[in-house]
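Colleague: Please show me the model. I have a few short questions about it.

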Amino acid sequence: MEVVIVPDAKAGGELIAEAMAKLLRRKPDALLGVATGSTPLPVYEALAAKVRSGAADVGRARIAQLDEYVGLPADHPESYRSVLRREVLEPLGMGMDQFTGPDGTADDVQGACEAYDKALSDAGGVDLQLLGIGTDGHIGFNEPCSSLASRTRIKTLTEQTRIDNARFFDGDIDQVPHHVITQGIGTILEARHLVLLATGEGKADAVAATVEGPIAAVCPASALQLHQHATVVVDEAAASKLKLADYFRHTYLNKPEWQGI
């Protein structure tokens, strides 16, 4: 696992957006896995700027959704399909025909989960999956003690996650659904490159457990230690609990530029 410590969220967003742009130059039809929430916004803003300047071309690129609320209509403003349309597809000038995601309104939720796993496989797999991390170490909506081999499935949200997400529902936790469809950890680990972005002191404990702790289901993100190409990008605040922070700074500073992340 590579850990890159950046000055702030904007620098992290630029670094990851450049990695995406390089991937698209190598593979114009790359499948990019995206996450919702406030943390990845600097990535999408930086990538959109590259598209506008001609430094990145997303004309053939494809976008894959990480998770979705169960029961929210697709056109609900806080369904993740709607959020990604506003925050990713529209700024990049991409259409819904370039997007794939699970059906959170399906009568057969389990069938929808299995269908999404198959759709990702049929699409050739995710080339780069962008991840955020919860304060409890969850990735996607794989809450603590999720199976590290899990596939796309329905999950019940913890109370803490619902509290954290209430800010997107006018601060009203009663509006936050109790269930989601999420790519499982096993599904996430099949992406060719995993990039986790974490910013702020509130994520410091989760980052330390992910990077330096044991691989354990109680911290689902620790499964990234099993991946052959996982990059953790953190700002100084999120890196504040890392015992090996100086080593991570040294290794990145002395890394050949051509390697990227």
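Modeller: Here it is, and keep in mind that this is a predicted model. Val233 touches residues including Val4, Val6, Leu15 and Leu196, not counting residues up to four places away in sequence.

Colleague: Which helix gives the largest share of the largest nonpolar core?

Modeller: The core has 65 residues. Val3, Ile16, Ile63, Leu196, Val233, Val234 and Leu242 touch the most other members. The largest share, 8 residues, comes from residues 9-26, which form helix 1.

Colleague: Is Asp67 buried or exposed?

Modeller: Asp67 sits in strand 4, residues 67-69. Its contacts include Tyr80, Phe141 and Ile181. Its relative accessible area is 6%. Buried means under 20%, so Asp67 is buried.

Colleague: How many Å apart are Asp67 and Thr36, C-alpha to C-alpha?

Modeller: Asp67 touches Thr36. The two are 31 residues apart in sequence. In space, their C-alpha atoms are 8.5 Å apart.

Colleague: Is Cys145 buried or exposed?

Modeller: Cys145 is in the loop between strand 6 (128-131) and strand 7 (153-156). Its relative accessibility is 61%. The cut-off for exposed is over 50%, so Cys145 counts as exposed.

Colleague: What is the phi of Asp170 near?

Modeller: Most residues other than glycine have a negative phi. Asp170 lies in the loop between helix 5 (159-165) and strand 8 (179-182). Asp170 is exposed, with a relative accessible area of 74%. Its phi is positive, near 60°.

Notes:
Residues numbered from 1 in each chain as written. Predicted model: local features only at pLDDT ≥ 70, side-chain atom pairs only at ≥ 80, totals over all residues. Heavy atoms only, no water. Core = buried A, V, L, I, M, F, W, Y, C linked by side-chain atoms within 4.5 Å. Buried < 20%, exposed > 50% of the residue type's maximum accessible area, 1.4 Å probe, protein only. Helix = DSSP H or I, 4+ residues; strand = E, 2+ residues; numbered from the N terminus. Contact = heavy atoms within 4.5 Å.
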